[in-house]
Structures are given as C-alpha cells and as structure tokens.
Amino acid sequence: MSEISSEDGLVREFTRQGADHYARVFARIRSHAGFTWSFNWAAALLGPIWATARNIPVLFWLALFLETLAVAQLATGFAGNLGGEQRVRAERLFKQADERRVEAEKAKTAGESSADSMLRSADGLKTAAENAARQAETAEARGPMLIGAGLLTLLIGKLLVGVLANPLLERRFNRWRSNRTLRHGFHRAGALLAAAFCFLAYGLVAWRVAAQAPPSWLTTAPVNREWQGLVAAMLDRALDELSKSGDAVFSAITGLINIVLDAAASALTTMPWPVTMAMIVILAWQLAGNRVAIFTAAALAYLAVLGFWEKSLETVALLGTSAVLCLLIGIPLGILCGRRPAVYTALRPVLDFMQTMPAFVYLIPVIALFGIGKPPGVIATLVFGTPPVVRLTALGVQGVPASVREAAEAYGATRWFLLTRVDLPLAAPSIMAGVNQTILMCLSMVVIASLIGAKGLGEDVLNALQYAAVGQGLLAGLAILLCAMIIDRIVQGKVRS
C-alpha cells in the first residue's frame, strides 16, 4: 500500500496537474507489456502547445508539422484563387486574339496579303487562351480536394498526437524518476510561447499560400550582395597571403607526397604484372585466408583482362597513400580523443566541418595552396577520410570497461601496457570499422580527385561522364570498387587472423 501511495506521490510531483488521471493512465500502461490504448484529449486539442508545456519535443515537432501542412492545404483550398495565374493569362490571350482578328478583318478588307496569316495567328492565340482557361478550371476544381485533404491531415494529426501523448509522457516520467534534474510539470510560460509561435507560424503560412500577391519579404529572403562580395574578397586576399607566406611549406608537403606516390607507383608498375598479381594474391592468402585470396585473384583478373591494370595500380598507389596517411593521423588522434574528453569536445566541430563540407568546396583552397595534380588529390582525400577513423577510434577507446583498466593498473600495468595490451585490443573492432570507413571515403574521392589532375581509374570515370560512355564508366567504377575491396579485405583479414 505504501508503494502505491509513494508512486502516486511521484506522479503528482511530476505532473502537478491532472495527477489522479495520469496515475491511473501510467499504471495501466505499465501493466501491459505491449502498446496500451489511451487517448489524451488535451494533447489532441492543444497539439504543440500541450507538448511544449509537458516537455515532449518529439511530439511538438510532429504536431507542428502536421498542423502546418493542414493549414497550408486549407488556406489554399478556401482562398478560391487557384488557377488565378492561368485565368489572367487566358483573359489576356483572349483579348489579344480579338485584337488580332479585328486587324485581320481590316487587312482583308484592304486586300492585304497578310490577312490570312493574321487570321491563323488569331486562331492560335484563341486556342492558347482556351487551354489556359481549361487549366484554370482544373486548378479551381482542386479547391474542395485540398480542403478535404487539409481536414483529413488535421484529423490524423490530432488522433496521432492524442494516442502518443500518454505513452511519451509516461516514458518521460520514468526518465525523471532516475534523473530528477529533468524539467517536469506543466509549464504555462512555455505553453504561452508555443501558442504565440504557432499562431504566428500558421498565420504566415496561410498568408503565403492564400494571397494572390504575397509581400516580397514573405517570399524572398533578405539578400545583401555587397556583403557577399566583401567577404569573398577578404577570403581571396587571405588565401593569397597564406599561399605566398607558406609557399615553402606547401611545396615541401607536395614534394614529400610526390616522393611517396612515385615510390609506390614505381614499386607496383616496374615489376612484371604476373609477379605483382602473384604477390598480392599470396599476401591476401597469408593475411585473410583462402576466400579472400580467391576473390583477390578474380578481381585482379578483371582488372588485367579489361585493360585497367596500370591505371588500377596508380589508383591503388593514390588510394593506399591517402588511406595510410589518414590512419597515421586519425588513430593516434582518436586515442587521444578517447582518453581526453576535452580534446574530443574541441575537435568535434572540426571533424563535423571536415566530414560534412562538400568535397568540391574544399577542393578550392586545396588547389589555391597546393596547385593541381596528385598531391592535392591526396590532401583533399585526407581531409575527407580522416574523421571516421578518429570518431570510431575514440568511441572504441571510450568503450573499454573501466573495471578492466583498474584491474590492469592494480597489477602494476604501465600506461604503454594499458594502451597496447588493454585499450587497443578491446577497441580493435571499432577501430577496424573506422579503417573500413576511411578506405571507403578515400575510394569515394578517387573520381573527385581526378578533376584536379589525379590520374588513375577516376580519370576514366570522368571521361565517361563527359562523353556519356555509360558502359565504360560502369566498368571503370567497378574497377575502383574492386581495388578498394581488395585493400579492405586484406586489412580486415589481418585483424581477424
């Protein structure tokens, strides 16, 4: 009996309003393992306002989206100006057709030879006007359909919110029981703010879709081309200054990458192709087993028979160099982030920027600083391919159980022993997932890097796009995929063995 009373007290403290009702609803929800039917009329009627007052964001956005959609449909249907543009166009064309016909009659009376062509023009204008009038009638007939769709959307939204409200509120109650710092109760200030926001949003949406000529500030975002030009000029000057002041550093990086790429390409291309193929197959067999060796042999045969052998070796050199650099930078950085949360917090915006910025955008500063060719392609790939291995390495290191580390420390383990014998082995699955993602990211950059002079199979794909050679492009794309899969299978096989 005391447990029931204490439970009711918690519900009363959490809800503050309607405590008895919610105590019964929560008890019924908890008494069933699956979904329990219940309907919250207050949530259904108030929608996003109730969700805000009860601190349930997911329900707020669901209700707001459905009600905004319903308002747009209802306003468009009730406004009665569907097909307004087509109606105005039809009237203008009818007027032009009548004027042209009058001119044709005058020309015919005067015996001019252009009368027939003017009559045909008038008939054409009349036909166009009739088509515009039919389009206007068709659009106007959509009004009742839009009204019905709006009412249906509104009804569905209300039903959905009413059904989901109690289970979501009960789930938040369970979270609040374990974490009393969560907001709870019924927040009137939040409800008032939500009501004002919804009133303003629905009103603007209705005005935008219903008005024949809505104000420009409602349809067009404010634009200041002068500011855009000033900021662009500032960026141009900054890149120019950076390029001039760091020319020696950028040239040294380009030269170093060129040395590595040339060494890798020369090691792969100077040997006879049967020797290179045999070495790769044997390496795959030793590190990953028979299946990977058979797959590697079949993939290499595909590359050789279809004429992609030399370009595939160039691609492997580019892909391998980029992936190795990504791993050499990303894994230590991920370990540091995993053990130093403050470092990870500082680096997370940078990683987000590197991973979400479109590749074509950061190719611009790369070209400005490093020129064109293979080294800029490697650098662009490095920017794009490093974040996954950093994130997944940090995730794996953070996931190492503290009890295991404490046990190792209790036996006198050093930091190096903890890193090499505890952290890295336990985090290996997550790290290898990061390696896999990095290789795939580097693969996706092969074609993009060919735009700035990085040759290889990406060049074949780019040429196929330019000349609409579908078959050749697909063959080259499959060759790139096979190169990446060979590298990934061998690397992953080493860990599994």
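What share of the contacts in the protein chain with a separation of 6 or more comes from residues 24 or more positions apart? The share is 75%, where a contact means heavy atoms within 4.5 Å. The model described here is predicted, so local features need pLDDT of at least 70 and side-chain atom pairs count only at pLDDT 80 or more, while totals for chains, interfaces and linings use all residues. Residues are numbered from 1 along each chain as its sequence is written, and side-chain values use heavy atoms, with hydrogens and water left out.

The overall picture comes first. The protein chain has 21 helices and zero strands; helices (H or I, at least four residues) and strands (E, at least two) are DSSP runs, numbered from the N terminus. Its radius of gyration is 34 Å, well over the 23 Å that the globule rule gives for 497 residues, so the chain is more spread out than a compact globule. Here the radius is taken over C-alpha atoms, and the globule rule is 2.2 Å times the number of residues to the power 0.38. Along the principal axes, the C-alpha trace spans about 95 × 95 × 50 Å.

Turning to the surface, the accessible area of the protein chain comes to about 28300 Å², and 66% of it belongs to carbon and sulfur atoms. Accessible areas come from the Shrake-Rupley method with a 1.4 Å probe; for residues, only the protein chains shown count as cover. Of the 497 residues, 38% are buried, which means under 20% relative accessible area, with exposed being over 50% and partly exposed in between (1.4 Å probe, protein chains only). The chain carries 44 positive and 34 negative charges, whose mean positions are 9 Å apart. In this count Lys and Arg are positive and Asp and Glu negative, while His and the chain ends are not counted; each charge is placed at NZ of Lys, CZ of Arg, CG of Asp or CD of Glu.

Near the start of the numbering, the loop between α1 (2–15) and α2 holds R16. Most residues other than glycine have a negative phi. R16 is not a glycine, yet its phi is positive, at about 70°. With 54% relative accessibility, R16 counts as exposed. Helix α2 (residues 19–30) comes next: its twelve residues should span 16 Å at 1.5 Å a residue, and its end C-alpha atoms are indeed 16 Å apart. The expected span of a helix is 1.5 Å times one less than its number of residues. The buried residues of α2 are A19, Y22, A23, V25, F26 and I29. An α-helix has 3.6 residues a turn, so residues three or four places apart point the same way.

A second positive phi in a residue other than glycine belongs to N55, near 60°. N55 also sits in a loop, between α4 (48–53) and α5 (57–79). N55 is buried, however, with a relative accessible area of 11%.

Further along, helix α11 (residues 247–269) has 23 residues and reaches 32 Å from first C-alpha to last, close to the expected 33 Å. Its buried residues are F250, T254, I257, L261, A265 and L268. These pack against α10 (225–245), α12 (273–288), α14 (309–339), α16 (359–370) and α17 (374–398). Helix α13 (residues 290–305) has 16 residues and reaches 22 Å, close to the 22 Å expected. Among the residues buried in α13 are V292, A293, T296 and Y302. After α13 comes G307, with a positive phi near 85°.

Individual residues in other helices fill in the picture. L327, in helix α14, counts as partly exposed at 22% relative accessibility. Leaving aside neighbours within four places in sequence, L327 is in contact with P332, V389, V435 and T438. The C-alpha atoms of L327 and V390 are 8.6 Å apart, although 63 residues separate the two along the chain.

V446 belongs to helix α19 (residues 415–449) and is buried, at 5% relative accessibility. With neighbours within four places in sequence again left aside, V446 is in contact with T315, G458 and I480. Between the C-alpha atoms of V446 and A51, 395 residues apart along the chain, the separation is 48 Å. Finally, G148 is found in helix α7 (residues 115–178) and is partly exposed, at 36% relative accessibility. Its C-alpha atom is 50 Å from that of L392, which lies 244 residues away along the chain.
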